[in-house]
Amino acid sequence: MLAGKTSEARALLTMAEADLTGADYAALEQELTQLQHEVEGLLARAEALEQENRIGEAREVYESASRLSTCFFGITSTCS
């Protein structure tokens, strides 16, 4: 599910490429990559917590990853 959100953000960025300056596109692409790495890190942490049977903590981390994965500033408008 979260990978789909990242793919959607990348597709939206690609579609908007013609309307952006090279610097703006590069900045947004870099931000998207950074957010993707953060989401992947959160998912790895949540999985480790789940393996330790720390389900409540894992759920919180999964929810953080989900919120972050929909928050691609300048690309999507789902940030809260």
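This is a short dialogue on reading a predicted model of one protein chain.

Me: Where do I start: how many helices and strands does the protein chain have?

Reply: Start with the elements and their order. The protein chain has 3 helices and 0 strands, and from the N terminus the elements run α-α-α.

Me: Which helix has the lowest confidence, and which the highest?

Reply: Check confidence before reading local detail. The mean pLDDT of the protein chain is 82, and 80% of the residues score at least 70. Helix 1 has the lowest confidence, with a mean of 73, while helix 3 has the highest, at 92.

Me: What share of the residues in the protein chain is buried?

Reply: Of the 80 residues in the protein chain, 25% are buried. The accessible surface is about 5300 Å², and carbon and sulfur atoms hold 53% of that area. For contacts with a separation of 6 or more, 48% join residues 24 or more positions apart.

Me: How far apart are the end C-alpha atoms of helix 2, and what span should its 30 residues give?

Reply: Compare the expected span with the one in the model. Helix 2 covers residues 22-51, and at 1.5 Å a residue it should span 44 Å. Its end C-alpha atoms lie 43 Å apart, so the two values agree.

Me: Which residues of helix 2 are buried?

Reply: The buried residues of helix 2 are Y25, L28, L32, L35, V39, A46 and L49. In soluble globular proteins, nonpolar side chains tend to be buried together. Here the largest nonpolar core has 5 residues: A9, L13, Y25, L28 and L32. Helix 1 (2-16) and helix 2 each contribute at least two residues to this core. Helix 2 gives the largest share, 3 residues.

Me: L49 is also in helix 2. Which residues is L49 in contact with, beyond its neighbours within four places in sequence?

Reply: Take burial first, then partners. L49 has a relative accessible area of 8%, under the 20% cut-off, so it counts as buried. Outside those sequence neighbours, L49 contacts R54, E57, A58 and V61. V61 is 12 residues away from L49 along the chain, and their C-alpha atoms are 8.9 Å apart.

Me: How many salt bridges does a search of the whole structure find?

Reply: The search finds 2 salt bridges. In one, R54 pairs with E52, and the closest N and O atoms are 2.8 Å apart. In the other, the side chain of R54 meets that of E57, with an N to O distance of 2.7 Å. Shared partners join E52, R54 and E57 into one network.

Me: Are the residues of that network buried, exposed or partly exposed, and why?

Reply: Relative accessible area decides the class. R54, at 35%, is partly exposed. E52 is also in the partly exposed class, at 48%, and E57 is partly exposed at 37%. The reason is that each value falls between the 20% and 50% cut-offs.

Me: What is the phi of the residue that follows helix 2?

Reply: Read the sign of phi against the usual case. Most residues other than glycine have a negative phi. Helix 2 is followed by N53, with a positive phi near 65°. N53 is not a glycine, yet its phi is positive.

Me: Where does N53 lie, and is N53 buried or exposed?

Reply: N53 is in the loop between helix 2 and helix 3 (55-69). Its relative accessibility is 62%, over the 50% cut-off, so N53 counts as exposed.

Definitions and conventions:
Residues are numbered from 1 along each chain as its sequence is written. Side-chain values use heavy atoms; hydrogens and water are left out. Helices (H or I, at least four residues) and strands (E, at least two) are DSSP runs, numbered from the N terminus. Buried means under 20% relative accessible area, exposed over 50%, partly exposed in between (1.4 Å probe, protein chains only). Contact means heavy atoms within 4.5 Å. Accessible areas come from the Shrake-Rupley method with a 1.4 Å probe; for residues, only the protein chains shown count as cover. A salt bridge is a side-chain nitrogen of Lys or Arg within 4 Å of a carboxyl oxygen of Asp or Glu. The expected span of a helix is 1.5 Å times one less than its number of residues. A nonpolar core is a set of buried Ala, Val, Leu, Ile, Met, Phe, Trp, Tyr and Cys residues joined through side-chain atoms within 4.5 Å. pLDDT is the predictor's confidence in each residue, from 0 to 100.
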